[in-house]
Amino acid sequence: MADPETEREALFEAVENVAARIAAEKGYLTDLDSAIGDADHGTNLDRGMQSVLDQLEGKEEADADEIVKTVGMALISEVGGASGPLYGGSTMHASQELADGVTAESTVAFAEAFLEKLQDRGGAEVGDKTMVDAVTPAVHTYKKSIEEDDLPPLEALAKAVDACRRGVDFTVGLRASKGRASYLGWRSVGHQDPGATSTLFVLEELLATAEAYLEGDTDTDASSPTIPDDDPEGAAE
Amino acid sequence: MVGLLVVSHSADAARGVRDIALEMGGADARIRAVGGDVDGGIGTSVTDIQSALSDLLAEAEGVVVIADLGSAVMNAEHAIEALGVEDSVVVADAPILEGALNAAVAAASPSATLESVREMAEEAANTSKV
């Protein structure tokens with residue numbers, strides 16, 4: 001990205017936008033969670049993001065990785081439910097990928113490290129009806145758009161948001177096999193997963209923030225412009 | 001000496017499980033209980049888990065953690081990583097009450113090790129009640 005000062009400004013703006021969005025959707029997220037969970041996702045995440053804002057005070061001169069690490073640490077200390085270790089722990093772990101600043105390459109590494117920690121900590125796979133169902137297609141689409149399709153980061157992020165949205169829709173028809181919803185068995189079917197939903201809100205706000213700083217097409221969907229190579233193994237190298 | 005840490009979403013539940021386990025663990029048992037989120041509501045707090053682990057490790061060479069639901073386990077795992085005590089603290093994959101009871105009995109043995117206590121806790125998953 002640009003100079004460190006613009007980078008900091010963009011990161012702070014992104015955090016503020018995410019916090020405002022979570023505050024606005026607090027009731028909706030908690031409603032989703034009362035259908036299939038313990039009815040605290042909206043309030044927990046909102047409390048966590050308010051604590052993030054507090055913890056970031058005085059960090060205006062910090063480097064990108066430290067800002068993002070602070071976000072993760074605040075979430076994990078403040079949120080008593082699963083979103084603390086999942087959002088917070090994964091963000092903390094992935095923040096080290098931004099040690100040399102925010103670039104197309106470092107954000108791909110961040111996204112991959114986030115997903116890796118998320119799956120390691122929560123033990124969920126795609127199809128378990130958790131935030132993994134939203135994060136996985138977003139991360140895969142972002143990585144492929146940058147590394148294979150050479151798209152500008154803003155367009156790659158727009159595609160990732162669309163992929164995430166499809167992942168959120170996918171959770172509706174699934175029977176939960178991880179998290180509190182799994183105790184409900186078949187009763188969990190027909191409800192949208194709250195964690196997947198908040199993931200989409202976060203990514204939508206990151207995209208909205210990035211639009212102010214980057215050039216690129218955001219009127220796009222997750223479908224790929226490329227025709228798959230005959231030799232997918234070779235193409236991945 | 002192997003210590004035990006009971007982690008529940010409810011502070012009351014954690015204390016209750018500890019009290020029941022203490023009956024089996026003898027006078028020297030080192031068992032702590034943490035539960036509730038930072039506001040005392042239902043949930044768990046990484047900070048509380050970390051300080052309980054530090055206290056236990058001051059008087060025991062290892063600690064077996066027995067937790068209730070998902071985020072209690074995740075927060076315990078995070079606390080272990082944050083403290084860098086992966087070699088001396090393990091999370092048992094065990095039902096919280098029966099696991100804590102078994103672990104308290106195992107920890108009272110003079111030859112108890114981190115592994116023997118964890119194994120006994122995990123065997124509780126196979127306990128038949130009726």
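Here is a short back-and-forth about some features of this predicted model.

Reader: Why is the aromatic pair of Tyr28(A) and Phe201(A) called tilted?

Author: Their planes make an angle of 45°. Stacked would need under 30 degrees and edge-to-face over 60, so this pair falls into the rest, tilted. The centres are 6.3 Å apart, and a pair needs them within 6.5 Å.

Reader: And what makes this pair a link between distant parts of the sequence?

Author: Tyr28(A) belongs to helix α1 of chain A and Phe201(A) to helix α8 of chain A, so the pair ties together parts 173 residues apart in sequence.

Reader: How do you know whether Phe201(A) is buried or exposed?

Author: Its relative accessibility is 7%, and buried means under 20%, so Phe201(A) counts as buried. Tyr28(A) has 37%, which lies between 20% and 50%, so Tyr28(A) is partly exposed.

Reader: What makes you say that the charged end of Arg175(A) sits over the ring of Trp186(A)?

Author: Well, the charged end is 4.6 Å from the ring centre, and the limit is within 6 Å. The direction must also be within 35 degrees of the ring normal, and Arg175(A) is listed as sitting over the ring.

Reader: Over in chain B, why are β2 and β4 called edge strands?

Author: Each of them pairs on one side only. They sit in an open sheet with the order β2-β1-β3-β4 and parallel pairing.

Reader: How do you know that β1(B) and β3(B) pair?

Author: They share six bridges in the parallel sense, and pairing takes at least two, so they pair.

Terms used:
Residues numbered from 1 in each chain as written. Chains lettered and ligands numbered in written order. Predicted model: local features only at pLDDT ≥ 70, side-chain atom pairs only at ≥ 80, totals over all residues. Heavy atoms only, no water. Phe/Tyr/Trp six-rings, centres within 6.5 Å; stacked < 30°, edge-to-face > 60°. Helix = DSSP H or I, 4+ residues; strand = E, 2+ residues; numbered from the N terminus. Buried < 20%, exposed > 50% of the residue type's maximum accessible area, 1.4 Å probe, protein only.
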